[in-house]
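Hi,

Here is the structure I promised to pass along. Have a look at it first, and then read my notes underneath.

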Amino acid sequence: MDINQPKVGFVSLGCPKALVDSERILTQLKTEGYGIVPDYDGADVVVINTCGFIDSAVKESLDTIGEALQENGKVIVTGCLGADADKVLEAHPGVLAVTGPHAYEAVMGAVHEQLKPPHDPYLDLVPPQGIKLTPKHYAYLKISEGCNHRCTFCIIPSLRGDLVSRPIGDVMQEAENLVNSGVKELLVVSQDTSAYGIDTKYQTGFWNGRPVKSHIQQLSESLGELDAWVRLHYVYPYPHVDKLIPLMAENAENKGILPYLDIPFQHASHRILKDMRRPAHAEKVLTRIAAWRAMCPDITIRSTFIAGFPGETEEDFETLLSFLREAQLDRVGCFAYSEVEGAVSNDLPNHVPEDEKQYRLERFMEVQAEISANKLAAKVGKRMRVLTDDTQQGDTEAEDITIARSSADAPEIDGAVYIEGELLEPGQFAEVEITHSDEHDLWAKLVD
Ligand code: SF4
């Protein structure tokens with residue numbers, strides 16, 4: 001790196017949506033000729049993209065800002081916590097600027113104020129896919145910002161505002177650039193993926209010279225034409241989601257929209273769902289899951305739940321456990337309810353005592369562990385296509401392991417497929433046969 005080049009240190013905290021914001025800011029910094037350095041010492045200024053979703057994330061963000069101020073002294077704060085500038089400035093009055101989430105221009109403005117952008121004649125050195133923070137073979141594709149719902153436990157709409165969908169032409173161009181640069185798996189993210197285009201009245205855009213509507217169906221069909229796996233996250237079960245399933249069944253595991261639906265149900269008791277003000281809570285979920293499986297037997301359904309929401313009685317919780325047993329979901333995450341500053345649910349009556357919340361969480365996870373173990377055991381002996389992520393060299397060749405994922409496993413949140421006795425390059429597709437399983441993961445051998 002040129003010693004005269006102005007250097008920016010960058011810390012990215014939070015969820016995949018925040019990561020996409022970080023990638024955009026980094027891309028812009030690189031485009032303008034700034035150097036990016038991995039430590040506080042070598043940086044002329046430090047940008048911290050914060051998370052403000054739950055109290056522990058706020059603490060992590062504030063601690064990181066404090067550390068950067070101590071180590072470097074020149075700190076710009078952006079991201080979800082930045083939406084509450086007073087809180088940041090109260091804790092750390094020395095920060096130079098505070099901007100909210102997806103405020104790319106404001107962040108760049110704050111950087112310019114501290115560090116003049118260098119004149120750089122080599123702008124085209126920035127690759128068309130931008131700067132990615134994920135491994136080279138998968139990437140998050142953000143299709144919208146914000147959310148039109150007002151779930152009582154969530155403060156995202158107050159941090160990020162109402163739904164704003166990106167133009168479909170831009171989304172498709174970014175997706176195509178990523179695939180052309182070697183990305184093998186696109187992870188579609190937003191706060192509410194199935195609501196894509198509602199705010200623009202499903203405006204028609206253009207991709208490859210042909211008209212495409214800003215609608216999840218057309219977006220999925222277009223993404224399915226690219227030579228990559230496409231995984232849909234945060235899909236709410238609106239009725240039109242049913243139409244995506246045949247697309248998943250068609251493409252199976254080879255390319256296109258994977259047979260994988262990440263649907264955050266959060267609960268099963270109607271009373272609790274009403275108090276949570278969840279979108280699409282009245283849809284007949286169990287009947288729909290059965291219909292999806294009939295259309296696409298290989299579909300993986302992932303969901304997240306909250307145990308111990310205010311007012312949750314033992315009966316509500318039992319309803320949730322019965323739902324879990326009946327739904328036989330493939331991948332499940334569960335959190336004990338915790339208060340988020342500013343959330344409406346804080347003021348609901350009858351909060352569940354902490355030890356009871358934890359006890360319910362344990363009972364929930366016990367039920368799911370058995371379901372998950374049985375579901376994975378049923379895959380032993382099957383052949384499947386996997387995408388390799390990493391390797392672990394053993395003491396002997398037989399102990400070498402390639403860590404991979406099948407269509408059922410999203411990176412970071414789901415399980416893995418361990419291919420024994422192989423060291424395969426990351427980012428390759430391989431055919432394997434499953435040899436054994438546990439509660440979370442599968443083991444496999446390579447087949448021709
Ligand atoms: S759907 Fe609900 S939980 Fe999800 S971002 Fe919107 S308000 Fe928050």
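Below is what turned up, going from the domains to the ligand and then to the cysteines.

One thing to keep in mind: this is a predicted model. The domain assignment splits the protein into domain 1 (7-114), domain 2 (138-378) and domain 3 (382-446). Between the C-alpha centres of domain 1 and domain 3 there are 36 Å.

Now the ligand. Around it you'll find Cys147, His149, Cys151, Phe153, Cys154, Ile156, Pro157, Gln191, Tyr236 and Arg278. Sorted by class, that shell comes to seven nonpolar, two polar and one charged residues.

I spent some extra time on Arg278. It sits in the loop that runs between helix H9 (270-276) and helix H10 (285-295), and it counts as buried, with 6% relative accessibility. Its side chain reaches the backbone oxygen of Pro264 at 2.7 Å. Setting aside neighbours within four places in sequence, Arg278 has contacts that include Cys151, Phe153 and Tyr236, residues that also belong to the ligand's surroundings. Arg278 and Phe153 are 125 residues apart along the chain, yet their C-alpha atoms are separated by 9.8 Å.

On to the cysteines: how many disulfides does the structure hold? The count is zero. For Cys80, the closest cysteine sulfur is that of Cys51, and at 5.9 Å it is too far for a bond. Cys334 can't pair up either, because its closest cysteine sulfur, in Cys151, is 16 Å away. Both residues are buried, Cys80 with a relative accessible area of 10% and Cys334 with 11%.

Cheers

Methods. Residues are numbered from 1 along each chain as its sequence is written. This is a predicted model: local features need pLDDT of at least 70, side-chain atom pairs count only at pLDDT 80 or more; totals for chains, interfaces and linings use all residues. Side-chain values use heavy atoms; hydrogens and water are left out. A residue is near a molecule or strand if one of its heavy atoms lies within 4 Å of it. Ala, Val, Leu, Ile, Met, Phe, Trp, Tyr, Cys and Pro count as nonpolar, Asp, Glu, Lys and Arg as charged, and the others, Gly among them, as polar. Domain bounds come from an automatic or database domain assignment. A disulfide is a pair of cysteine sulfur atoms within 2.5 Å. Buried means under 20% relative accessible area, exposed over 50%, partly exposed in between (1.4 Å probe, protein chains only). Helices (H or I, at least four residues) and strands (E, at least two) are DSSP runs, numbered from the N terminus. Contact means heavy atoms within 4.5 Å. A polar contact is a pair of N or O atoms within 3.5 Å; within protein, one must be able to donate a hydrogen and the other to accept it, and residues adjacent in sequence count only if both atoms are side-chain atoms.
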